[in-house]
2 protein chains.
Amino acid sequence: MRIFPNIISCVSIICGFFVPFTTSAQGQSARLVDYVDPMIGTAKMGHTFPGATVPFGAVQLSPDTDTIPYAVNGRYNADVYKYCAGYQYDDPTIVGFSHTHFSGTGHADLGDFLLMPTSGELQLNPGTADAPDMGYRSRYSHDNEYAAANYYKVKLDAHDITAELTSSSRVGFHRYTFSKPAESHIILDLMHGIYNYDGKTVWSVARVLNDSTVVGYRQTNGWARTRVVYFAMRFSKPFKNYGSRNFEKDQVYKGFWRKFDQTDNFADLAGSKLRMHFDFDVEAGEQLHVKFALSPVSMDNALVNMEEEVPHWDFDKIKYAGQERWEKELRRIEVKMPTREDYINFYTAMYHAALMPTTYMDVNGDYRGIDHQIHRAEGFTNYTSFSLWDTFRAFHPYLNLVNPSRNADMVQSMMAHYEQNVLGILPIWSHYANENWCMSGYHSVSVIADAIIKGAYTGDANKALDACVATANFRRYEGIGEYIDLGYVPDEKNGTSVSNTLEYAYDDWCIAQLAKYLGQEDIYATFSARAENWRNVFDSSIGFMRPKDTTGKFREKFDALETHGQGFIEGNTWNYSLYVPHNPQGLMELLGGKKRLSAYLDSLFTMYLPDKFFEHTEDITREGIIGNYVHGNEPAHHVVYLYQLTGERWKTHEWVRKILQDQYHNGYDGLGGNDDCGQMSAWYLFSSLGFYPVAPASDEYWLGAPIVESASIHLENGKVFRVEAINQGSKHIYVQEVLLNGEPLKGFTIKHNDIINGGHLQFKMGARPNKNL
Amino acid sequence: MRIFPNIISCVSIICGFFVPFTTSAQGQSARLVDYVDPMIGTAKMGHTFPGATVPFGAVQLSPDTDTIPYAVNGRYNADVYKYCAGYQYDDPTIVGFSHTHFSGTGHADLGDFLLMPTSGELQLNPGTADAPDMGYRSRYSHDNEYAAANYYKVKLDAHDITAELTSSSRVGFHRYTFSKPAESHIILDLMHGIYNYDGKTVWSVARVLNDSTVVGYRQTNGWARTRVVYFAMRFSKPFKNYGSRNFEKDQVYKGFWRKFDQTDNFADLAGSKLRMHFDFDVEAGEQLHVKFALSPVSMDNALVNMEEEVPHWDFDKIKYAGQERWEKELRRIEVKMPTREDYINFYTAMYHAALMPTTYMDVNGDYRGIDHQIHRAEGFTNYTSFSLWDTFRAFHPYLNLVNPSRNADMVQSMMAHYEQNVLGILPIWSHYANENWCMSGYHSVSVIADAIIKGAYTGDANKALDACVATANFRRYEGIGEYIDLGYVPDEKNGTSVSNTLEYAYDDWCIAQLAKYLGQEDIYATFSARAENWRNVFDSSIGFMRPKDTTGKFREKFDALETHGQGFIEGNTWNYSLYVPHNPQGLMELLGGKKRLSAYLDSLFTMYLPDKFFEHTEDITREGIIGNYVHGNEPAHHVVYLYQLTGERWKTHEWVRKILQDQYHNGYDGLGGNDDCGQMSAWYLFSSLGFYPVAPASDEYWLGAPIVESASIHLENGKVFRVEAINQGSKHIYVQEVLLNGEPLKGFTIKHNDIINGGHLQFKMGARPNKNL
């Protein structure tokens with residue numbers, strides 16, 4: 001959702017030259033997975049994590065570089081925002097390796113079960129970045145750090161230990177290599193977490209089953225209100241000793257548990273502030289392995305997950321198996337691009353678009369529902385962490401194209417949420433069997449309608465429509481009740497009344513499309529009418545969407561440039577007034593026609609936005625904006641394609657190329673903003689291929705201008721859709737002509753079936769606009 | 001464990017007259033259950049609860065009269081002790097009706113899910129006893145209160161509501177009758193608890209499934225460290241409205257849950273400080289019913305429990321069914337006694353000896369293990385709440401006699417605990433899938449050995465022996481390691497070194513008996529040796545057990561009358577020095593022979609104990625002691641029978657009669673001390689029948705002097721054991737002769753088989769001692 005610029009890249013573009021990652025390398029690597037660079041986006045606002053995971057894996061085993069608390073003495077600490085993924089590239093220390101991470105979010109949670117290998121004196125506090133020696137954390141150097149798909153390696157300077165991480169879906173696999181003989185303490189911190197605060201860990205349990213196996217769980221109250229994660233941990237050799245400390249200061253009632261010492265080798269632990277240590281004597285060069293399995297259900301299931309997925313101690317085998325899964329995932333699109341940097345951008349985007357939602361069930365299919373009860377997924381994989389405000393736009397449509405069966409399971413997971421949810425609605429932004437109510441809209445309906453209309457989801461479509469209707473009628477949430485009654489969310493009832501009205505209108509259109517598809521005429525009529533509610537917040541006197549009160553009066557004091565407090569979430573009215581993806585023609589007419597829309601867009605991309613409009617808005621920074629167009633905040637993601645309506649298609653070509661180049665780069669600072677669970681990457685993938693789903697739940701894609709030279713999309717039905725950009729080049733950014741299956745294509749859209757049936761889309765590129773296109 | 005006198009009764013005895021409950025009533029009631037008076041022991045130190053429950057039921061639905069916290073600002077509040085069972089007879093107000101209660105404990109927990117029917121203005125605070133009108137609690141009068149087995153009724157003055165309670169095993173059933181038309185708010189307080197403190201409720205969840213059904217759970221951290229109880233609640237008519245309030249003051253992170261109002265009619269609640277209300281319009285005379293089911297496992301299981309056990313709304317049917325279960329339970333012993341008061345004492349003792357341990361599994365057999373995982377009980381009923389330091393003495397032996405299959409299931413529950421316990425030991429004092437480490441000893445082994453040797457438990461005896469041995473070798477707990485190494489617990493290592501040594505020695509003897517029974521000679525030899533460790537703390541220079549340090553030196557400064565800080569728990573050395581139940585002959589010899597023991601016992605029962613020795617001891621009060629003999633603290637429970645060894649059997653007869661009359665009475669203040677989960681009642685039952693299990697795990701009972709006129713024990717094997725006290729009377733307290741099956745009985749013991757095979761035990765009573773008996 002948020003955006004932050006790649007300053008260096010911007011400078012280099014401004015200066016007119018550009019140095020690719022490897023200037024000489026234009027040939028493809030043998031393995032596509034070798035193009036994946038998990039370090040991309042790990043600096044500043046990218047909020048990606050560099051650690052090890054498999055596609056949509058339940059475990060994301062990754063270093064955390066700080067433990068800054070979400071709140072101190074009850075007051076919010078804004079710096080915590082940096083640590084949404086646990087890792088910040090500029091940080092000098094690593095606290096340890098935890099097993100769950102979001103990718104690219106603008107708010108956070110997780111960071112479960114931090115493990116840290118140490119040598120020397122036992123330390124049970126993490127220490128601070130300024131004084132790492134006061135704790136178990138360690139300084140490290142990026143020179144001694146390496147990240148690849150499903151593999152991460154770093155040397156921990158303080159302990160002279162090289163840590164390597166890999167994973168299967170549900171098991172994190174650690175390999176620690178000791179440089180010198182030492183007593184090593186492996187720390188298991190059950191208090192550690194992302195967006196942590198004193199009291200976030202509601203409860204934790206650890207049980208030491210034998211001299212090398214520990215199980216337990218942890219319950220947190222954070223972004224997810226009631227989140228429980230179970231674990232099973234096994235060391236490759238027996239510890240000689242272990243212990244724990246309970247850091248609860250004001251524990252009123254320890255009862256009879258104080259009767260005897262339980263800090264040393266006591267197998268039955270529970271509390272809200274536990275840290276453990278496991279002690280080993282190690283030789284120089286010795287390698288210690290740790291398997292760490294997760295489960296949403298139980299300790300026993302975590303053990304089974306471990307035994308099923310990693311029944312051996314061969315680290316390299318697990319690493320390789322995970323990379324093979326990545327390779328298979330990436331092979332779904334084979335591209336030819338001008339530079340090695342392009343390949344890295346493209347396949348890292350595919351990588352980032354295959355991290356979330358994450359698998360949320362055990363190998364036996366058990367999972368925890370939103371109803372706090374245990375269910376078994378019959379015939380589908382249950383997923384969690386749906387950042388729907390972001391991902392409905394391009395990410396889920398991307399899956400419908402390249403990975404439809406996976407998206408079908410995601411829809412089924414959302415339907416399970418609906419069926420188990422006592423509120424009787426679909427997820428808004430859900431993770432780990434919790435609704436976190438983040439952002440706005442009921443965009444599940446977009447994902448579901450898109451998946452059904454495009455044939456990806458073949459479950460009970462009528463039940464899905466019921467779910468969509470119920471969600472759209474959940475009056476309590478964010479002004480939906482007033483929206484239904486008045487046709488818009490009134491200003492005085494809701495702080496983001498206009499963006500909500502616009503998003504609801506689009507969502508309603510999705511429901512209408514699904515109803516139409518299913519022949520449900522009444523629902524189609526109702527929601528088609530609701531879909532036009534966007535008109536109710538358009539103030540024709542100023543030509544912008546504008547907050548309106550219950551009496552129908554537009555807000556007097558209103559600033560079209562200001563993002564903060566103007567009735568929108570993560571955007572000003574300049575960006576949001578274009579948010580009618582389902583009826584851009586109608587919008588254009590209301591705005592005043594083609595010329596007016598064209599001028600609007602020109603202004604948006606080129607205007608100078610005074611600094612003061614960013615002052616109150618933490619989500620947008622100066623350099624990440626192109627004029628007044630904010631790419632990092634999703635609402636305008638479709639906007640660049642609207643030039644097609646005005647007949648000035650070359651302007652889409654120009655600005656798409658500029659966005660692709662400005663906002664996506666190689667290197668740790670390669671992402672212009674939060675990757676937002678793959679949405680930003682999915683925008684890149686679509687746009688680089690030359691088309692984009694302007695309105696998911698339609699079966700159309702709008703054409704842009706590709707930056708690939710060619711691409712083959714290997715569809716799940718066995719067919720191949722090929723994209724070719726003839727005469728592609730850094731200056732050949734304008735599409736001269738488009739051919740579909742050899743025939744000139746009229747209009748600026750292609751149908752989903754055009755792709756899914758296999759075919760050949762050719763863009764003839766040139767250095768100058770073809771104004772007759 | 002604790003004792004408090006029935007002052008009025010003591011006074012009346014001192015004054016030489018006694019007024020029975022109903023002076024004229026000597027005939028038996030048609031139903032034995034009508035003799036049960038659950039109010040007995042509800043005043044002062046009895047710690048019984050007056051509410052509704054079935055034999056060993058999972059639900060104990062009972063009024064709580066105050067909400068005094070366990071700790072205020074981190075400091076212990078001694079007054080909380082009064083509320084171990086939630087109810088104190090002298091209290092003027094009732095806070096509400098909660099669903100779980102211990103019976104007669106000296107420490108506490110539970111009090112889950114308080115329901116309170118109110119009328120008038122909504123109040124979500126309980127108020128205080130001084131100012132009940134400030135909250136939802138109500139004044140009440142004992143004139144409007146009635147308690148019977150599985151039935152409790154009270155009029156709530158503040159609300160003009162008559163509340164009636166009954167239950168099935170897992171379901172509490174409420175009937176509220178409204179006197180006048182009103183808006184009624186039924187309060188569900190998820191923060192309420194016994195031995196409560198701010199923060200004890202770690203988490204709670206409530207989900208409103210429809211207009212009359214609510215499910216949820218509550219996790220607490222109290223005496224039980226990690227305790228979770230699930231519920232399902234259903235009203236007999238739909239509520240018109242409901243709501244909740246979260247009383248968390250310093251909730252750092254409410255995240256996006258603050259986005260919209262959730263206090264009113266919001267179905268998905270969670271937090272650590274929740275109270276709910278359900279609103280109804282009621283007519284005069286209208287009755288509202290509530291079914292409230294519990295589960296240790298899940299909300300779904302709670303619903304199933306409700307539907308299986310109470311599939312209708314017939315309050316009286318459930319009440320009657322539960323009373324029928326009580327009647328069946330009580331019919332196991334049919335007695336003839338002199339007065340109606342005696343019947344009430346006897347059958348209320350049987351009632352109190354059938355409350356705990358409680359059923360701890362769902363109707364489908366699911367239960368939560370000590371390993372925090374879900375298990376299914378195959379072929380047995382799983383029980384919880386084992387107050388073993390108390391109950392190994394007479395309560396479990398009582399079950400082996402009258403209810404052996406139930407005791408077998410209790411042993412199997414203890415074995416499941418052992419198998420699921422990561423510490424690999426049997427329970428010490430366990431409740432709700434937690435070990436609370438209360439008191440001392442490893443008295444599970446006594447219960448298990450007794451149950452196997454007496455043929456009650458027919459499970460894997462060798463595995464049971466393994467469990468006993470493992471528990472006896474759990475070195476960490478209470479000086480067991482030092483005890484094994486030195487033969488005693490050294491004074492400087494443990495505050496209750498002498499009582500621990502004595503109790504371990506007895507427990508070791510139990511293990512030896514079981515090993516002998518199973519032909520495990522090595523274990524028999526090892527534990528037979530350990531069983532004689534009691535000798536190691538006997539100081540022959542003073543003739544008492546005495547703390548000894550690691551070097552073998554007895555503590556110099558030692559007071560034989562003082563209870564506090566002298567190396568004993570809940571007793572002074574005068575009481576504890578006789579605690580060698582398994583080798584009283586050896587003890588007598590060590591003490592110096594029959595005369596010395598006789599003099600010791602005479603002194604114990606008649607000496608004057610200066611007030612100062614009670615000053616530091618909260619557990620014993622002046623009037624509850626007979627001389628220096630403390631009946632309310634269990635360690636001396638067998639002592640009155642030791643006169644048999646000295647040949648002065650008439651002294652047993654005298655003192656048994658005195659204890660039975662002093663410590664057990666009709667009326668709310670009828671119990672001299674904590675009933676201790678049925679142990680005090682079991683002592684009464686055995687002693688009133690004329691015999692007592694001095695050393696459980698032997699197959700012998702020592703004879704005393706009955707107060708019944710006759711009794712028929714209906715054994716599970718279909719046989720009947722009859723006791724007859726010929727010439728019984730208030731002055732005929734001395735046994736003149738004993739006949740077993742018509743033959744004069746030699747010695748002062750009978751065998752378990754003498755009973756279990758059926759038979760006839762006759763005591764010929766007289767007014768003067770038969771010194772030749």
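Here are three short exercises, with worked solutions, on a predicted model with chains A and B.

Local features need pLDDT of at least 70, side-chain atom pairs count only at pLDDT 80 or more, and totals for chains, interfaces and linings use all residues. Residues are numbered from 1 along each chain as its sequence is written, while chains are lettered from A in the order in which they are written.

**Exercise 1.** Find which rotation superposes chain B on chain A.

Start with the superposition, done by least squares on the C-alpha atoms of residues with pLDDT of at least 70 in both copies. A rotation of 180° with 0.0 Å of shift along its axis brings chain B onto chain A, with an RMSD of 0.0 Å. The two copies are therefore related as by a two-fold rotation axis. Now look along that axis: in chain B, the nearest C-alpha belongs to Val202(B), 3.3 Å away.

**Exercise 2.** Describe the side of chain B that touches chain A.

Count contacts first (C-beta atoms, placed from the backbone, within 7 Å): 43 residues of chain B meet 43 residues of chain A. Next, assign elements, which are DSSP runs numbered from the N terminus (helices: H or I, at least four residues; strands: E, at least two). β13 (201–208), β17 (268–271) and α2 (299–309) of chain B each supply at least two residues, and the largest share, 5 residues, comes from β13(B). Finally, 100% of the contact residues of chain B recur in chain A.

**Exercise 3.** Decide whether helix α6 of chain B is enclosed or open.

Apply the burial test: a buried residue has 20 or more other C-beta atoms within 10 Å of its own, with C-beta atoms placed from the backbone. In α6 (residues 395–402) of chain B, 8 of the 8 residues pass, so the helix is largely enclosed by the rest of the structure. Among them are Phe395(B), Tyr398(B) and Val402(B).

Conventions
Two residues are in contact if their C-beta atoms, placed from the backbone, lie within 7 Å. A residue is buried if 20 or more other C-beta atoms lie within 10 Å of its own, exposed if 12 or fewer, and partly exposed in between; C-beta atoms are placed from the backbone.
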